[in-house]
Amino acid sequence: MTEPIITQESEKTVIRPAGDVVAAYVPELRSVLRDTVHAGARDVVLDLSNTEMVDSSGLGLVIGTYNSLEKVGGRLAVIHASKDVLQLFQTMRMHQRFAISGD
């Protein structure tokens with residue numbers, strides 16, 4: 001799978017996965033997110049514009065990233081979530097912890 005695209009927009013680090021956030025892709029994406037937080041990023045945006053599906057491994061990754069950022073006073077936001085992914089995040093009540101927006 002292709003590596004995620006990482007851009008810096010003023011104080012925000014934007015990470016755009018190259019595809020679906022599923023078990024096969026989670027280890028690579030986890031490494032990128034972990035490195036980003038350890039490098040000092042405190043305002044991380046996960047741009048899901050290239051993502052159609054998030055499975056249970058992907059949900060765990062997003063929750064883990066949120067928890068890591070919260071411990072260091074950071075914030076996570078998810079943008080450009082597809083209708084299905086947005087509905088999944090809302091069902092899991094993740095929108096009560098961090099900002100989530102759809103297309």
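Helices, in the sense used here, are DSSP runs of H or I with at least four residues, numbered from the N terminus. T36 lies in one of them, helix α1. The model described here is a predicted one, and a few residues of helix α1 make a convenient way into it. T36 has a relative accessible area of 11% and is therefore counted as buried, the cut-off being under 20%. Apart from residues within four places in sequence, T36 is in contact with T13, I15, A41 and V44. L61 stands 25 residues from T36 along the chain, and 14 Å separates the C-alpha atoms of the two. Helix α1 also contains E28, which is partly exposed at a relative accessible area of 28%. Between the C-alpha atoms of E28 and T51, which are 23 residues apart along the chain, the distance is 15 Å.

From helix α1 the description can move on to the largest pocket. This pocket has a volume of about 160 Å³, and the elements giving two or more residues to its lining are α1 (26-38) and α2. The lining is made up of R30, L33, R34, V37, H38, G60, L61, G64, T65 and S68. By character, these residues divide into 3 nonpolar, 5 polar and 2 charged.

One of the lining residues, T65, deserves a closer look. T65 has its place in helix α2, which spans residues 56-71. With a relative accessible area of 7%, T65 is buried, because this value is under 20%. Once neighbours within four places in sequence are left aside, T65 is in contact with L33 and L76. L33, like T65, belongs to the pocket lining, while L76 leads on to the nonpolar core.

In general, nonpolar side chains in soluble globular proteins tend to be buried together. In this model, the largest nonpolar core has 27 residues, and those with the most contacts inside it are L48, L76, F89 and F98. At least two residues of this core come from each of α1, β3 (43-47), α2, β4 (75-81) and α3 (83-91). The surroundings of L76 can be listed in full: not counting residues up to four places away in sequence, L76 touches V44, L46, V62, T65, Y66, L69, F98 and A99.

Two of the residues touched by L76, Y66 and F98, also meet in another way. The structure holds 1 aromatic pair. The ring centres of Y66 and F98 are 5.4 Å apart and the ring planes stand at 40°, so the pair is tilted. This pair links distant parts of the chain, with Y66 in helix α2 and F98 in the loop between α3 and β5 (99-102), 32 residues apart. Y66 is buried, its relative accessible area being 13%. F98 counts as buried too, at 6% relative accessibility.

Two residues with positive phi values complete the picture. H80, found in strand β4, has a phi near 60°, a positive value in a residue other than glycine. H80 is partly exposed, with a relative accessible area of 34%. R93 is found in the loop between α3 and β5, and although R93 is not a glycine, its phi is positive at about 60°. The relative accessible area of R93 is 57%, so this residue is classed as exposed, the cut-off being over 50%.

Methods:
Residues numbered from 1 in each chain as written. Predicted model: local features only at pLDDT ≥ 70, side-chain atom pairs only at ≥ 80, totals over all residues. Heavy atoms only, no water. Buried < 20%, exposed > 50% of the residue type's maximum accessible area, 1.4 Å probe, protein only. Contact = heavy atoms within 4.5 Å. 1 Å grid on protein atoms, 1.4 Å probe; cavity = no way out; pocket = protein on both sides within 12 Å on 5 of 7 lines; lining within 4 Å. Points joined across faces, edges and corners; volume = space filled by probe spheres on them. Nonpolar A, V, L, I, M, F, W, Y, C, P; charged D, E, K, R; others polar. Core = buried A, V, L, I, M, F, W, Y, C linked by side-chain atoms within 4.5 Å. Phe/Tyr/Trp six-rings, centres within 6.5 Å; stacked < 30°, edge-to-face > 60°.
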